[in-house]
Amino acid sequence: MSDQLQAELHFPPGFLWGTSTAAHQVEGGNHNDWTAWEDMGGGRIFEDQVSGAACEWWSGRAEEDFDRAAGMHNNALRLSVEWSRVEPEPGRWDDAALARYRAMIEGLRARGLEPMVTLHHFTNPIWFTERGGWASEEAPRLFAQYARKVADALGDLVTLWCTINEPMVYATQGFLQGYFPPGKQDLGLTLKVATNLARGHAAAYHAIKPDHPTAQIGLAKHQISFVGYTPILGHFGAWLLNYLFNEAFFGAFSRGQIRWLSARPEAIPGGLGTLDWVGLQYYNRYHIRVNLTKPEMLYLENFVPDGLPHGPDGWGELLPEESLPRIKHLYKLTGCPIYVTEMGVPDIDDSIRPGYLARTLRSVWQACMHNMPVKGFFFWSLVDNFEWAEGYDPRFRFGLYGMDYATQARTERRSARLYRAICAENALTAAIVREHAPEALDKVFPQPAVAAQG
Ligand code: FCB
């Protein structure tokens with residue numbers, strides 16, 4: 001049809017297109033604080049499942065998934081290195097593990113995929129947790145030693161380093177909510193752990209940079225949208241949560257200190273100026289009201305009002321258009337180049353994901369047009385994988401490729417075809433959306449209303 005919409009949203013030249021993964025969720029056969037937590041049973045993980053073989057990346061299937069990424073015209077991929085493999089005992093480095101990571105990263109490069117390597121994605125060696133883990137003062141130093149070792153082994157192949165994934169999620173899930181190991185519920189400890197993660201980032205930055213001056217070192221920060229539901233207290237609660245969860249951590253790099261709730265700031269030695277880039281991970285929005293039965297949550301409750309689209313369980317409101325304000329906010333906080341290091345949606349049958357992805361990318365494109373320095377986009381995730389406390393719960397499938405865990409067979413989803421078309425063109429076009437996500441066409445390319453004639 002000649003009067004069909006022809007709009008094309010082009011991304012900047014050199015934009016990185018990839019997917020995001022994490023070692024523990026795809027490798028299989030790990031031995032770390034998460035596998036110990038999984039083995040404890042007791043309802044910690046959905047149906048007491050264990051990560052087990054996961055997607056069998058370690059034993060050889062990583063490369064076949066890299067083929068899928070390359071087949072989608074991706075030019076980048078984010079993966080993580082598992083600390084417990086590289087340093088199975090304090091100070092003992094496993095050269096074979098480093099060689100396997102080297103082979104994987106060579107495999108990425110051979111396929112034209114720029115690697116982004118995360119050094120900490122939620123898991124820790126058991127020996128490290130036995131020494132106090134991230135609550136211990138020695139954590140930043142131990143983490144920096146490991147970071148240096150990995151950078152020395154892989155630095156000739158890797159430019160983009162992501163020290164820590166979602167520090168505030170790690171701290172709150174493990175030490176406030178108790179859903180992740182070590183399962184604590186203690187606000188003071190949560191803030192201590194978050195502080196040490198910032199110190200860990202700074203220490204790792206200084207451990208890597210001198211010998212690898214071209215390394216671009218950042219971290220991936222989960223940003224949640226909070227909106228006040230009730231007039232005064234709800235709005236104040238949303239402001240407070242936004243400050244504590246989204247903003248305070250960045251004081252480490254802009255001022256060399258973090259100011260949590262107390263008047264006395266926490267010093268982050270060497271923190272100033274240690275972000276070469278920042279990663280945005282955005283998934284959902286929550287509405288905030290007061291709940292006097294939740295002292296551990298500062299008497300606040302996050303929820304999704306009836307009638308708004310939301311994910312399974314407490315996943316939150318699905319609002320991809322929030323990507324634009326989240327990018328702007330993160331830029332305002334850091335002034336850094338931005339990579340979207342994760343965005344995605346749990347969607348069992350891929351009925352939501354294509355539209356969600358197209359709407360997200362419209363927002364990311366708008367950010368580029370507003371002169372935000374967005375350098376790349378990594379969708380979560382390449383293939384379904386072990387989703388932490390949700391285990392292999394079918395409602396928490398995130399892959400562009402679906403997975404049959406009994407056979408390890410991967411199935412291409414409609415979302416994968418959509419992403420392939422977008423990455424191939426470096427553009428989100430009306431033709432692509434019409435073909436692969438027609439349900440989202442009106443949202444991605446809203447048409448102005450035409451006044452009735454006559
Ligand atoms: C993020 C995590 C990632 C994955 C997605 C769904 O918070 O970084 O590992 O679990 O959520």
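Helices and strands here are DSSP runs, numbered from the N terminus. That is how labels such as β14 and β15 arise, and the loop between β14 (374-379) and β15 (401-404) is where S381 sits. One thing to keep in mind as you click around: this is a predicted model.

**Stop 1: two unusual peptide bonds**

Start in that loop and select W380 together with S381. The peptide bond joining them is cis, with omega about 10°. Now jump to P181 and P182, where you'll find another cis peptide bond, with omega near 10°. P182 belongs to the loop between α8 (167-175) and α9 (187-208).

**Stop 2: the eight-stranded sheet**

Next, switch to a cartoon view and look for an open sheet built from eight strands. Trace the strands in the order β2-β14-β13-β10-β6-β5-β4-β3; their pairing is parallel. Which strands are at the edges? They are β2 (16-19) and β3 (76-80), each of which pairs on one side only. As you step from one strand to the next, the twist averages 25°.

While the sheet is on screen, add α8 to your selection. This helix packs on the sheet and touches β4 (114-120), β5 (160-165) and β6. Compare directions and you'll get about 45° between α8 and β6.

**Stop 3: zoom in on β10**

Pick out β10, residues 277-281. Is this strand buried or exposed? Five of its five residues are buried, so β10 is largely enclosed by the rest of the structure. Show the side chains and see how they alternate: W277, G279 and Q281 point one way, while V278 and L280 point the other way.

Now check the neighbours of β10:

- Strand β6 (residues 216-222) pairs with β10 in the parallel sense, over five bridges.
- In this pairing, L219 stands opposite V278, and K221 stands opposite L280.
- Strand β13 (residues 338-342) also runs parallel to β10, joined to it by four bridges.
- Here Q281 has E342 of β13 as its bridge partner.

**Stop 4: the three-stranded sheet**

Hide the eight-stranded sheet for a moment and find an open sheet of three strands, ordered β7-β11-β12. The pairing in this one is mixed. Its edge strands are β7 (225-228) and β12 (300-303), each pairing on one side only. On average, neighbouring strands of this sheet are turned by 35° against each other, direction ignored.

Go to β7 and strand β11 (residues 285-290), which run parallel and are joined by four bridges. Select G228 and look across to I288 in β11, its bridge partner. Then bring in helix α10 (residues 232-247), which packs on this sheet and touches β7, β11 and β12. The direction of α10 makes about 160° with that of β7.

**Stop 5: two residues with positive phi**

Stay close to this sheet and select Y299, in the loop between β11 and β12. Its phi is near 60°, a positive value in a residue other than glycine. Y299 is partly exposed, with a relative accessible area of 40%.

Follow the chain on to D313, in the loop between β12 and α12 (323-334). D313 isn't a glycine either, yet its phi is positive, at about 50°. With a relative accessible area of 55%, D313 counts as exposed.

**Stop 6: a pair of helices**

Select helix α13 (residues 353-369) and helix α14 (residues 414-425). They pack at an angle of about 30°, and their axes are 8 Å apart. That makes α13 roughly parallel to α14. To see the contact itself, show R353, P354, L357, A358 and L361 from α13, then R414, S415, L418, Y419 and I422 from α14. Colour these residues by type and you'll get seven nonpolar, one polar and two charged.

**Last stop: the cysteines**

How many disulfides does the structure hold? Zero. A disulfide is a covalent bond between the sulfur atoms of two cysteines. Select C336 and C162: the sulfur of C162 is the closest cysteine sulfur to that of C336, but at 13 Å it is too far for a bond. C336 counts as buried, at 7% relative accessibility.

Finish with C423, which is in no disulfide; the nearest cysteine sulfur is that of C368, 14 Å away. C423 is buried too, with a relative accessible area of 6%.

Notes:
Residues are numbered from 1 along each chain as its sequence is written. This is a predicted model: local features need pLDDT of at least 70, side-chain atom pairs count only at pLDDT 80 or more; totals for chains, interfaces and linings use all residues. Side-chain values use heavy atoms; hydrogens and water are left out. A disulfide is a pair of cysteine sulfur atoms within 2.5 Å. Buried means under 20% relative accessible area, exposed over 50%, partly exposed in between (1.4 Å probe, protein chains only). Axes are lines fitted to C-alpha atoms, for helices over the stretch in contact, and angles run from 0 to 180 degrees between N-to-C directions. Angles under 35 degrees count as roughly parallel, over 145 as roughly antiparallel, 65 to 115 as roughly perpendicular and the rest as oblique. Contact means heavy atoms within 4.5 Å. Ala, Val, Leu, Ile, Met, Phe, Trp, Tyr, Cys and Pro count as nonpolar, Asp, Glu, Lys and Arg as charged, and the others, Gly among them, as polar. Two strands pair if DSSP finds at least two bridges between them.
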